[in-house]
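User: I would like to learn how to read a protein model. Could you take me through one, feature by feature?

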Amino acid sequence: MGALARKPLCIYSQHYFYSYLKGTLMISRVWRPCALIVLLFSLFSRLAFAEQAPNPGTQPATAMPSVINVPAGAQASANFDTDVATNAYLAEIPASAKAKSDAYFEGGYWLILWDFVYAVAVVLLLLNLRWSAAFRNLAERITRFKPLQTMIYWVQYLLVTSVLGFPLTVYEDYLREHKYGLATQTFGPWMGDQFKNLLVDLVLGAILFTLLFGVVRRFPRTWWLWGASVSTLFTVLVTLIAPVYLVPIFNKVTPLNDAKIAGPILSMARANGIAVKDVYKIDASKQSTRMSANVSGLGHTLRITLNDNLLRRGSLEEIQAVMGHEMGHYVLNHVYKGIFFFAIGIFALFALLYWALNWSLAQWGEKWQIRGVGDTAVLPLVVLVGLIFIFVLTPVVNTFIRSQEHEADMYGLNASRQPDGFAQGAIHLGEYRKMSPGPVEEWIFFDHPSGRNRIHDAMQWKAENLKLMTEQAKP
Ligand SMILES: [Zn+2]
């Protein structure tokens, strides 16, 4: 859940579950044994960048320009050319900003690998040092009640993996974000969010694993089907409650109603059949400088949320373009389709687990002192299989999400009719996403179309709607 509070992109809710799988079940990126906290706090506040109070009014010199006017090459005219216009927009990006964005995003490729290697090392440690078996033994000494044993095991697992993962978490979520000027939190409030994450993980994980181990013990031969079903329902539940019960733990969410910017947005929402009460804003500037918006929730809780960085720094045209994109996710039912896609992944993972757990336990079960698949001590092994599964499928997951993002882009251009606002938005998102990757790089690593492709799409749309554009420009 760690990513829930801070990672913006254009998250819609299935990302919650994805980051839940990736972050929480694997290595929880949270930690807080109270005794060491004061020591660490003083250590890190000295190590890490001057802890000045962030000033949301100023942007670092390497940030993307806040105001991006339509460059000469992208003005609507009789000899408008899509490629010339695309390049004209890309030329608006200062070289220093491009260098920083590339470095940040490319560093993220390596982090995928290091996260994987680190997490694998941690779970192998838990198995081979028989810590996992020791967690189980302690839980069995405390109570004879099986569900409670699972919960006690989970508490130990979560705390220990959080401690072991803490250095990487601090680097990745705090130091690195500050280094690139993307974070606005000082160490104390950041740590506070980590603590909240830990509590959320504690509760959600306790529920999920108690259910899953209950199912495995009850259905020794068909547990993988039941386990996959329980996990899918759990995903749906987390998606449903996230906007109402999870997001407000970290941020303040309010209905979008300041008349100046809300007017055109709410008008566009009505024009596209979206109930006005489904549009919200969130105080993301509390954690980050990133501009973003998302669609989250399910059924009654389904909603569009714009963040305050976008509302503050984006032009009116840009806000409308982003809003059009989010409405695309909403109207095209991407949340439901996403859940369906992830459900297929969950069933595939459980089928793999059914085979892989039995095989591994036959080889090393005795050495790790794990009695079988119904023994809670098997959890690190489950996580190991899950880690490999997710790592291998990274390009598939990214490509699924990226395809939906492309659909939302095209819907958004048609709904907002703001190709230039859209191009501005693509540049602003380039603060944390490489603008011009190679095609293979984009296929593997990008969960959104690259900035260059998004600007190209917008300029293509503009080229095909030049008449509309020139009419709009008239007073
Ligand atoms: Zn999106």
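**Reading the model**

Analyst: Start with a helix on a sheet. Helix α12 (residues 316-331) lies across β2, β3 and β4. The helix runs at about 155 degrees to β4. Keep in mind that this is a predicted model.

User: What is the order of the strands in the open sheet?

Analyst: Read a sheet from one side to the other. Here the order is β1-β2-β4-β3, in an open sheet of four strands with mixed pairing. The edge strands are β1 and β3 (293-296), and each pairs on one side only. From one strand to the next, the twist averages 30 degrees.

User: How do strands of a sheet pair?

Analyst: Strands of a sheet pair through backbone hydrogen bonds, and they do so either parallel or antiparallel. Now take the cases here. Strand β1 (residues 253-255) and strand β2 (residues 279-282) run antiparallel, joined by three bridges. In that pair, P255 stands opposite Y280 in β2.

User: In which sense do β2 and strand β4 pair?

Analyst: In the parallel sense. Four bridges connect β2 and strand β4 (residues 303-307). Across this pairing, V279 stands opposite I304 in β4.

User: Let us turn to salt bridges. How many does a search of the whole structure find?

Analyst: The search finds 10 salt bridges. To call one, look for a side-chain nitrogen of Lys or Arg within 4 Å of a carboxyl oxygen of Asp or Glu. D375 and R136 fit, with N to O at 2.5 Å. This pair links distant parts of the chain, 239 residues apart. D375 sits in the loop between α13 (334-368) and α14 (379-416), and R136 in helix α6 (residues 131-142).

User: Why does D375 count as buried?

Analyst: Compare its accessibility with the cut-off. Buried means under 20% relative accessible area. D375 counts as buried because its relative accessibility is 7%. Its partner R136 has a relative accessible area of 4%, so R136 is buried.

User: Which residue forms a salt bridge with E431?

Analyst: R313 does. The closest N and O atoms of E431 and R313 are 2.8 Å apart. This pair also links distant parts of the chain, with the two positions 118 residues apart. E431 is in the loop between α15 (419-429) and α16 (439-445), while R313 is in helix α11 (residues 308-313). Check the accessibility again. E431 is buried, at 9% relative accessible area. R313 is buried too, at 8%.

User: Where are K462 and D420 in the chain?

Analyst: K462 lies in helix α17 (residues 451-464) and D420 in helix α15, 42 residues apart. They form a salt bridge, with the closest N and O atoms 2.7 Å apart. K462 counts as buried at 3% relative accessibility. D420 counts as buried at 13%.

User: Which residues are linked in a network of salt bridges?

Analyst: Look for E106, K434 and E441. Salt bridges link these residues in a network.

User: Is K260 buried or exposed?

Analyst: Use the same kind of test. Exposed means over 50% relative accessible area. K260 has 73% relative accessibility, so K260 counts as exposed. Its place is in helix α10 (residues 259-271). Next, look at distance along the chain and in space. K260 and L316 are 56 residues apart along the chain, and their C-alpha atoms are separated by 9.5 Å.

User: Now the interior. Which residues touch the most other members of the largest nonpolar core?

Analyst: Y157, W223, L357 and L381 do, in a core of 48 residues. Next, ask which helices supply it. α5 (95-128), α7 (146-179), α8 (187-218), α9 (223-250), α13 and α14 each give at least two residues. α8 gives the most, with 10 residues.

User: What does L381 touch?

Analyst: Leave out residues up to four places away in sequence. L381 then touches L127, L357, S360, L361 and W368.

User: Which residues does the second core include?

Analyst: This separate core has 26 residues, including I261, I274, L311 and V335.

Note on methods: Residues are numbered from 1 along each chain as its sequence is written. This is a predicted model: local features need pLDDT of at least 70, side-chain atom pairs count only at pLDDT 80 or more; totals for chains, interfaces and linings use all residues. Side-chain values use heavy atoms; hydrogens and water are left out. Buried means under 20% relative accessible area, exposed over 50%, partly exposed in between (1.4 Å probe, protein chains only). Two strands pair if DSSP finds at least two bridges between them. Axes are lines fitted to C-alpha atoms, for helices over the stretch in contact, and angles run from 0 to 180 degrees between N-to-C directions. Contact means heavy atoms within 4.5 Å. A nonpolar core is a set of buried Ala, Val, Leu, Ile, Met, Phe, Trp, Tyr and Cys residues joined through side-chain atoms within 4.5 Å.
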